[in-house]
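Here is a short briefing to read alongside the coordinates. Have the viewer open and follow the residues as they come up.

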Amino acid sequence: MMYPEAIPFRTDRSFLRAESVPSSAHEAGQSVPVPFVIFTRPRSGSTLLVSLLAAHNRVRCFTEAFSSHRLGGNLWPANWTITRRDHEPALFLDALFSAPPASQLPPGTLPPLAVGFKAFNHQLPWAEFSRLAFSPEVRKIYLYRPNLIDRYLSSWIANTYNAWLIKDTSNITVPVNTTHMLWWMQSEAEVHKTFQAIQTVAATRPGGAEAWIQVGYEDLSADAALQAGGGGERSAGGDAGETGAMARIWAHLSLPPPRHQPPQPMKRAPHGGRGGAVDAPPPMTKQQRMRHTQTIQNYDEVRLALAPHPAFAAMLDQPL
């Protein structure tokens, strides 16, 4: 049986005192795109957000640029390997955030106005994490999923069935180990508190408050579903994503919304949850969207285990 991992954040806060290191890519007279980082935790909607950002023709958004086991595809900075990246992370970040030479762009392609990547906190060396977190030049998007029970179940399903992207999970039930679940939820709650503390410290520095934005999973998924379904408000020019979470993100990156409908998000399940052929792209739905009373095999045991922890108990669906 596989369970979601919990990797506690460093809690001594010593890295909060580190000064940000200005990027060499920001030398005077050099045109550079807006650098950004998506700080998040697994199963919080980051694949969806990356796909929505990458749909903008003036955005270059990498996935896990500091993943331990894979590179970033054909957009990876030239002449960089995982080994070199891990030995020279500061120089790698400079290369990642720099606008690519015109010779490397396909014909007719405009240079990016924003370049960034997503990162789980445990992937980054602490010096680079601090540099990114406290630099006013780097835009930070903190994407979080408030309901830790949903995250736990989604992680369990993804690990057990290797269902990381498109997967109908409506018929899956989860036997929850209540001891592990409670420990995991407590660990992840501490990570969230630490991100709040980082933003508080950053806000005391010039430009620090403006460099951060928080986006909730529910707001992002609702916004994506609205766009995928063709709903929502648009201007006379046809811009998409002008309301909700994505509107805040485009403004945070100093970008206009894309002037085309974004593609269907990469992480979705067939609407209605029963599999089978789908002729047209259905609206985006949550991978873990069944009620907890249906998904958790030992629901009553979980409810009793969470009862002494009101904040966690409030995340549990109640019987209808």
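Arginine 85 has a relative accessible area of 1%, and since anything under 20% counts as buried, this residue is buried. The model is a predicted one, so please read every value below as computed from it. Arginine 85 also has a charged partner: its side chain forms a salt bridge with aspartate 86, with the closest N and O atoms 2.9 Å apart.

**Around arginine 85**

- Aspartate 86 has a relative accessibility of 46%, so this residue counts as partly exposed, whereas arginine 85 is buried.
- Which residues does serine 67 touch, leaving aside those up to four places away in sequence? They are Ile82, Arg85 and Gln123.
- Serine 67 sits in the loop that links strand S2 (59-64) to helix H2 (82-87).
- Like arginine 85, with its relative accessible area of 1%, serine 67 is buried, and its value is also 1%.

**The chain as a whole**

- Eleven helices and five strands make up the secondary structure of the chain.
- The chain has 320 residues, and 48% of them count as buried.
- Take the contacts between residues at least 6 apart in sequence: 73% of these join residues at least 24 apart.
- The accessible surface amounts to about 14800 Å², and carbon and sulfur atoms account for 55% of that area.

**Salt bridges**

- How many salt bridges does the structure hold? There are seven, among them the pair of arginine 85 and aspartate 86 already described.
- Another of them is formed by the side chains of arginine 41 and glutamate 188, at 2.8 Å from N to O.
- Arginine 41 is in the loop between strand S1 (34-40) and helix H1 (46-54), while glutamate 188 is in helix H6 (residues 178-202), so this salt bridge ties together parts that lie 147 residues apart in sequence.
- Are the two partners buried or exposed? Both arginine 41 and glutamate 188 are buried.
- Arginine 303 and aspartate 300 also meet in a salt bridge through their side chains, at 3.7 Å from N to O.
- Both of these residues belong to helix H10 (residues 299-306), where they are three residues apart, about one turn of the helix.
- Arginine 303 is partly exposed at a relative accessible area of 35%, and aspartate 300 is partly exposed at 46%.
- Salt bridges with shared partners also link Arg41, Arg151 and Glu188 into one network.

**Helix H5**

- Helix H5 (residues 148-161) has 14 residues, which at 1.5 Å a residue should span 20 Å; the C-alpha atoms at its ends are 20 Å apart, so the expected and modelled spans agree.
- This helix is mostly covered, with eleven of its 14 residues buried.
- The buried residues of H5 include Arg151, a member of the salt-bridge network with Arg41 and Glu188.
- Others on the buried list include Leu148, Ile149, Tyr152, Leu153 and Trp156.
- Where H5 starts, a side-chain oxygen of asparagine 147 comes to within 3.0 Å of the backbone nitrogen of isoleucine 149.
- After H5 comes asparagine 162, which has a positive phi, near 55 degrees.

**Strands S4 and S5**

- Strand S4 (residues 139-144) and strand S5 run parallel and are joined by five bridges.
- Which residue of S5 is the bridge partner of isoleucine 141? The partner is isoleucine 213.
- Strand S5 (residues 212-216) is mostly covered, as four of its five residues are buried.

**Positive phi in the loops**

- Most residues other than glycine have a negative phi, which makes the next two residues worth a look.
- Arginine 43 has a positive phi, near 65 degrees, without being a glycine.
- The loop between S1 and H1 holds arginine 43, and it holds arginine 41 too.
- With a relative accessible area of 8%, arginine 43 is buried.
- Serine 254, which is not a glycine either, has a positive phi of about 60 degrees.
- Serine 254 is in the loop between helix H8 (245-252) and helix H9 (292-295).
- Is serine 254 buried or exposed? Its relative accessibility is 62%, so serine 254 counts as exposed.

Definitions and conventions
Residues numbered from 1 in each chain as written. Predicted model: local features only at pLDDT ≥ 70, side-chain atom pairs only at ≥ 80, totals over all residues. Heavy atoms only, no water. Helix = DSSP H or I, 4+ residues; strand = E, 2+ residues; numbered from the N terminus. Buried < 20%, exposed > 50% of the residue type's maximum accessible area, 1.4 Å probe, protein only. Contact = heavy atoms within 4.5 Å. Areas by Shrake-Rupley, 256 points an atom, 1.4 Å probe, with all protein chains shown as cover. Expected span 1.5 Å × (residues − 1). Polar contact = N/O pair within 3.5 Å; in protein donor to acceptor, adjacent residues only side chain to side chain. Pairing = 2+ DSSP bridges. Salt bridge = Lys/Arg side-chain N within 4 Å of Asp/Glu carboxyl O.
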